[in-house]
Every structure is written in C-alpha cells, then in structure tokens.
Amino acid sequence: MNLSSKATCASHGQDSSYFLGWQEYEKNPYDEVRNPDGIIQMGLAENQLSFDLLESWLAENPDAASFRRNGESIFRELALFQDYHGLPAFKNALAKFMAEIRGNKVSFDPRNLVLTAGSTSANEALVFCLAEPGDAFLLPTPYYPGFDRDLKWRTGVEIVPIQCTSSNGFRITKPALEEAYDTARNRNIRVKGILVTNPSNPLGITLSDKELNLLINFVESKEIHLISDEIYSGTVFNSPRFTSVMEILLDRNYVDTEVRNRVHIVYSLSKDLGLPGFRVGAIYSNNPMVVATATKMSSFGLVSSQTQYLLSAMLSDEKFAKNYVVENQKRLKNRHMMLVQGMEDAGISCLESNAGLFSWVDMRHLLESDTFEAEMELWKKIVYDVGLNISPGSSCHCLEPGWFRVCFANMSEETLNLAMQRLKSFVDSIYQSNDSYGFFHNFSVKDSRRRLLKKWVFRLSSSDRGLERDR
Ligand SMILES: Cc1ncc(COP(=O)(O)O)c(C=O)c1O
C-alpha cells in the first residue's frame, strides 16, 4: 500500500490484551439499568472519586471556566495565546502543586517545567531528547502497557526489562539492574537510561529510599539517565509516604552534579486530579538542554490555553488544592480497602500496596497450569463469562503468569461491590465443582446474577421476617 514502516510496524502494542480488553468492554459495557449483564471496566486507571470537589470549586469560581478574569472577558487573549513556554501563572501553580504533593520537602522551579499533552507526550519527548533509534531504556517489570507505544513506537528506542519477581514483592534489586544492563550490552544495544514509575503502575507501591538510592548509584556509575514517571504521586493513601527522586538528590546534596542533570521527572494531572481528557502533563528536568529541546518539541502537543487558564486558577487556590489532595487520598484508601476485602472474600490476595488507582492481584491459584496460555484462558473467562475487564500481567510484561491489575477508582461503590460478588461467585463455583473444566464452560454472568438475586431475595425476606418479629 506504500505506507511508511511506522504505519505498518507492530510496535504500537495495540494488539496487547490490555487494549483488547478495552475493546471488549466497549462492545458490551455494564450499565446498572440498560445492560446489567455487561462487562465492568476494571482495566482503566481513571480516578472518578473526587469529581464533586472539582465541580464545587467550578461552581464557586465561574470566571475560571468562562474565559473571564475579574468578570472581564479574556476570550481574545486566550484564543490568540500560543507561546510554547506555557502560561507563567499555570507553570507557577503546577510547580507549587507538585511541591505540595511531596509535602513541600522539595521545590520546583517553574523555569525547568515543560508542559506537554499528558504524560504520554512527556515520556516520548524525553526519550526523543535522550536517545537515538536503537538505543534502550531499562524498565522494571511489570510495567504500564502504554510504554511500548509511548517510548518505542515513534522513537525507535528499545525497552529492556529489569526482571522483578514476587519473591521480594517485585522490588528492584542491584543484580536485576546489572542483568538488564548486561543483556542490552550483549545484544550490542546502548543503554541510555532507566525509566521507573513511582508510585508504580501496575503494582501500586512507592519506591523505597533504598531502591531510589540504588537507582541513582546505578545511573551515576553507568553515566546514563533516570526518568521517574511520578504521575501517581498524589495518590499515595497509606504509609510509607511518597519519596520523589528529587528528594533523594537533595538528601544526597547532589545540587550541582552531573547526575542531577541526568534525572528527569514526568508528571500529569490525569490521575491525581482525574483529568485525563484535559491532556495536561509536564517534564521537569534540571538539565537546561533537555528543558530547551523538550520545550521546542512541545509544539507537537501543547496544552490548550483555556485549560491552562482554568487550571492555573484552580491550583493556585492553595486551600482548595491542599484539601483536594487529602480528601482524594482518603477516598482512594477506602476504595482500595473495599477491593482488597472483596478479593479476600473470594480467596484472592493482593500485593500489599499504598498508592495508585489499582491493585496487583494474585490469581496464580486459579490457573490450570503455570503458563501464560493459562493466564490468557483465565483472563478470557473473567472478561466474557464473569464480565470483568481486568488487565493480565502478561500485558504488563510480568515474568510470572497469574497476576492481574484490577482498577478500583473508575466506578461507583455499588459497581465495585457487584464486581466483587461476580468474582466470588466465579471462584466459589470453581471450588464447588469437582470438574473445574465443566464449571469454566458453564459459568455465565446470568447464572451468577440469578444466584445473587436468590441470595438477595432471601436476605430481604429474612429481614422482613426480622421486622415482623420486632413488631
Ligand atoms: C505510568 C503512566 N504514565 C503515563 C500515563 C499516561 O498518562 P496521560 O493521560 O497523562 O498521558 C499513564 C496512564 O495510565 C500511566 O499510568
């Protein structure tokens, strides 16, 4: 067809079960009234828990969303603004917000911030700034499936996995770092850096100070870069608290060192504020060349001026921003507890976690064999028969079959409860059935709904009986 190799190559990763699950959900989405047997979307790391806080702020500050400043229209000013350095007021507010999330233990100079259309764009722009096609970044596994697209597809850069396992809770170790580095070198691939997510997507855990120091020592000794994607930094709902790599640099007094210029942060408001549709992301770098180059590149994915204007007003309301972060974390903690409890009731355990919009769930005991084929079989049953779209570990490049990422913040409590009930019915039926194969083929959401309805009717009628007794 005479198209470019980019148009025809497979490195975008859209065939991954991560994206296929979304397509299946789109074909048959759950709706309490219109489609109660539909698929519940648990494969999307969206935060819908605190929209009411944002909406109340908007109601109290009508100027911000209606192109007005002190009641006067600034429509023309915003319509014409196209400076790729971004609105200074917004960059100031974003820098302060990032510091607030880190307990003001570090500060951010707005001049080192580059605005991008989300973290997707920030990660790609950084890779373009730091590496040539054919170079590699090392990434701890399991990792966010979107990285195959964001880091590799258009840049031609490779990802070499740092293999982490459940034996130590998927923590990064020095031998694993060395092994990944050597693997790349043995394949004649130049390693340009390491990219970590802190807190981790999909694990929902924060990196420890030990891991962060290990990473800094490693990039220092190998003379490579470190990208820390801190898109989930505001979602840390339990101890240990979040430590940014910038804090470690400060602790180590790396104020004017080479390595400080090789550490870069990626951020976005898609998760912490729950605004992925607004496409607001940023690169923060201490390296002036990286800042200058990324700023030029940001022309390909700017944040619109009215979005910057609205969010500069919102985030510079410090009382609101502080309260939002605290309240949002409280809500996430509650949701996380609901998910972990629901899983536990179904005999499934989750990796202990303290952050994020998802849990890393251990379903190894439900596999028919210890293989990725069995993981896919189980995943298909969970999507099509149980009606839950969750993300298989293999889509996150996990080394061990049987782990799944399950999101909990993109739905109502009722929907989460229903999802947990469906899962429990599924697991119970496996145990009740002598012939698990027979069960797998016979299970359906409708059966499980019938069972749930029976239980519900029974509960209702027994509570009615209770009421009669009370009378
Ligand atoms: C670790 C990580 N980085 C980047 C992104 C992309 O986010 P954005 O919507 O800001 O492009 C995501 C989204 O899920 C993510 O989980």
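**Stop 1: the four-strand sheet**

Start by selecting Cys-350; opposite it, in S12, stands Val-361. You are looking at a predicted model, where local features need pLDDT of at least 70 and side-chain atom pairs count only at pLDDT 80 or more, while totals for chains, interfaces and linings use all residues. Residues are numbered from 1 along each chain as its sequence is written, and side-chain values use heavy atoms, with hydrogens and water left out.

Labels such as S12 and H15 are DSSP runs numbered from the N terminus: helices are H or I with at least four residues, strands are E with at least two. Strands pair if DSSP finds at least two bridges between them.

Now show the four strands of this open sheet. Their order is S11-S12-S15-S14, with antiparallel pairing. Color the edges: S11 (349–350) and S14 (391–392) each pair on one side only. Add helix H15 (residues 372–386), which packs on the sheet and touches S14 and S15 (403–407). Touching, or contact, means heavy atoms within 4.5 Å. The direction of H15 makes about 30° with that of S15. Axes here are lines fitted to C-alpha atoms, for helices over the stretch in contact, and angles run from 0 to 180 degrees between N-to-C directions.

Walk across the strands:

- S11 and S12 (residues 358–362) run antiparallel and are joined by two bridges.
- S12 and S15 are antiparallel too, over five bridges. Select Val-361; its bridge partner in S15 is Phe-404.
- S14 and S15 are antiparallel, with two bridges. Select Ser-391 to find its bridge partner in S15, Arg-405.

How many residues of S15 are buried? Five of its five. Buried means under 20% relative accessible area, exposed over 50%, and partly exposed in between, using a 1.4 Å probe and protein chains only. Show the side chains of S15. Trp-403, Arg-405 and Cys-407 sit on one side, Phe-404 and Val-406 on the other, and both faces are covered.

**Stop 2: Asp-362**

Stay in strand S12 and select Asp-362. Is Asp-362 buried or exposed? Asp-362 is buried, because its relative accessible area is 11%. Its side chain makes a polar contact with the side chain of Arg-364, at 2.9 Å. A polar contact is a pair of N or O atoms within 3.5 Å; within protein, one must be able to donate a hydrogen and the other to accept it, and residues adjacent in sequence count only if both atoms are side-chain atoms. Set aside its neighbours within four places in sequence, and Asp-362 is in contact with Ile-348, Ser-349, Gly-402 and Trp-403.

**Stop 3: the ligand**

Select the ligand and its surroundings. There are 14 residues around it, counted as near if one of their heavy atoms lies within 4 Å. The closest are Ser-119, Thr-120, Asn-201, Asp-229 and Ser-268.

Check three distances to oxygen atoms of the ligand:

| Residue | Distance from its polar side-chain atom |
|---|---|
| Thr-120 | 2.6 Å |
| Lys-271 | 2.7 Å |
| Arg-279 | 2.8 Å |

**Stop 4: the seven-strand sheet**

Next, show the open sheet with the order S4-S10-S9-S8-S7-S5-S6 and mixed pairing. S4 (113–116) and S6 stand at the edges with a single partner strand each, so one side of each has no neighbour in the sheet. Neighbouring strands are turned by 25° against each other on average, direction ignored.

Go to the S4 edge. S4 and S10 (residues 281–285) pair antiparallel over four bridges. Select Val-114; its bridge partner in S10 is Ile-283.

Cross to the S6 edge. S5 (residues 136–140) and S6 (residues 158–162) run parallel, joined by five bridges. Pro-140 stands opposite Ile-162 in S6. In S5, five of five residues are buried. Ala-136, Leu-138 and Pro-140 point one way; Phe-137 and Leu-139 point the other.

**Stop 5: Ser-299**

Select Ser-299, in the loop between helix H12 (288–297) and helix H13 (305–315). It counts as partly exposed because its relative accessible area is 41%. Its side chain reaches the backbone oxygen of Lys-296 at 3.2 Å. Now add Leu-115. It is 184 residues from Ser-299 along the chain, yet their C-alpha atoms are separated by 9.7 Å.

**Last stop: the annotated domain**

Select residues 40–423. An unreviewed UniProt entry annotates this range as "domain: Aminotransferase class I/classII large". UniProt positions are given in the numbering used here, feature names are shortened, and annotations may be inferred rather than shown by experiment. Over this range the chain is 42% helix and 15% strand, and the end C-alpha atoms are 11 Å apart.
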